[in-house]
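Please look over the sequence and the structure shown below before reading on.

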Amino acid sequence: MTGEVAVLGAGMHPWGKWGRGFVEYGTVAARAALADAGVDWRDVGSIVGADTVRGGYPGYVAGATFAKALGWQGARVASVYAACASGAQAVNTARAQILSGLADVVLVVGADAAPKGFFRPAGGDRADDPDWLRFRVLGATNPTYFGLYARRRMAVHGDTLEDFAQVKVKNAALGALNPNARYRKRVTAEQVAASAVVADPLRLLDICATSDGAAALVLSSMEFARRHGTADRVRIRAVSTVTPRYPNTVLDLPDIATDSAVAAEPAADTFRASIARAAYEEAGVGPGDLSLAEVYDLSTSLELQWYEDLGLCGEGEAAKLLREGATALGGRIPVNVSGGLASFGEAVPAQAIAQVCELTWQLRGAAGDRQVAGALVGITANQGLFGHGSSVIAVR
Amino acid sequence: MVTGWFTGEGEEFRLLGTRCSACASVFFPREDAFCRNPGCPGGDLEEVPLSRRGRVWSYTDSRYRPPSPYVSDPELEWRPYALIAVELESERLVVLGQTVPGVTVADLAVGMEVEVVPGVLNEDAETTWTTWHWRPTGVTA
């Protein structure tokens, strides 16, 4: 165990397509988190931003941009880019600063104004960039990879289109209860089946949208939290940031091919499973200790994959777990009670932070209609393009 | 747009990878700088043709026009193509590729044998960009 940090505050800007800039979203979320923490911005010793691209500027920005918007006050600053894991790396950077004594209170912010439609690589010809190559050579969008995983599950584990649809039905019903979610309407399996195929076998309602949105956290040392008098002390106990192990034998975004297993045997765990395992080992808990999980449901079938990678059930048993209702609110291990990406959509730098916001509210018992009764331990799971692991365990 | 990924014509068409002389790891797309096996002392990377046939690991298609840098004519109606991830037994790796035109997801199944054939990615007045396609064995279209 590496020690804990306290979560003093959590805040979001509601997700949607608002047509404004990421700085505004991030600032709203940051102010909400500071107010929730009862901490004055001028008392924050460090700000960590999860990066996004600023339009027209050839680079990634975050930390200082939010610091300027909140009012320069001289805080230490860091900005991190790790694709979809950027938010978890921002949390981890803040945690490392707190545990090493570099800062007592850290504000973590992620925000984005996502482009409409498919994600695509930045402009220019870049044959040394796997993300550019998969689009240029194959036209392989993110949903085509989700389609490959879904079809593979159907062939290997016998998952059905109805199973996939039921993930959406579950998450949409939960998103309907969440005021920060972009989509707040229930969805039926018939509506999923009637939506257009995007990448066989997945349909439009199996795949998450792109959204604008923001999320922020105020983290502190346990000593500061005690002095501050925070009563319901949610703590972060683990942040997994692991990379894959060679050979990585599951075809993964954005690669055109896997590693070869000719010279080295693959690890027993897949990359996704190793992300969760590292978090469990660091936190000293196991799947049986969890009260809830927030997982990265880029597609309905990918949520099922995470059930197995988190050890919520055995390999191939995810659809059974879903059918039993175990992952619904009120079930043995509710998954994506926030509504998940199915209800939020992707705002890349914000989403891993948003997952921790949901854990925070759940562990405080402040999640309203979507509250998991008696929540004590929660895990988030996420994966960043190019081999960035991301999982956070929080406890009460 | 990327050189050295495939070679030959007709029955002689092959994807090209590289193989580490020290540990025998195979890389596709080709790795010409350093062997990426962390347990390998590092060897020379030699160009090798990959197996011509493999088995379908999974497959999907693209029912909507992908964004650039994929090249397609916006004047023409979008025609979906299928993508297959193919397991090559002797190299123990999986390679993604488009299917030959005319083969759809309805024609495919996980585990089916496919072979690599030359194909056209796109063309304009000056240039034809060639690529590899996967085709179920026994299909001659």
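The report that follows deals with a sheet in chain A and a strand in chain B.

## Basis of the report

This is a predicted model, in which local features need pLDDT of at least 70 and side-chain atom pairs count only at pLDDT 80 or more, while totals for chains, interfaces and linings use all residues. Residues are numbered from 1 along each chain as its sequence is written, chains are lettered from A and ligands numbered from 1 in the order in which they are written, and side-chain values use heavy atoms, with hydrogens and water left out.

## The sheet of chain A

In chain A, 9 strands (DSSP runs of E, at least two residues, numbered from the N terminus) form an open sheet with mixed pairing, in the order 5-2-6-9-1-10-13-12-11. Strand 5 (76-80) and strand 11 (292-295) of chain A each have a single partner strand (two strands pair if DSSP finds at least two bridges between them), so one side of each is left without a neighbour in the sheet.

Within this sheet, strand 1 (residues 5-16) and strand 9 (residues 212-220) of chain A pair in the antiparallel sense over 8 bridges, and Ala10(A) stands opposite Leu217(A) in strand 9.

## Strand 5 of chain B

Of the 9 residues of strand 5 (residues 53-61) of chain B, 7 are buried, so this strand is largely enclosed by the rest of the structure; buried means under 20% relative accessible area (1.4 Å probe, protein chains only).

Strand 5 of chain B pairs with strand 6 (residues 82-88) of chain B in the antiparallel sense over 6 bridges, with Val56(B) opposite Val86(B). Strand 5 of chain B is also joined by 3 bridges to strand 8 (residues 113-123) of chain B, again antiparallel, where Glu113(B) is the bridge partner of Arg55(B).

Conventions: Buried means under 20% relative accessible area, exposed over 50%, partly exposed in between (1.4 Å probe, protein chains only). Helices (H or I, at least four residues) and strands (E, at least two) are DSSP runs, numbered from the N terminus.
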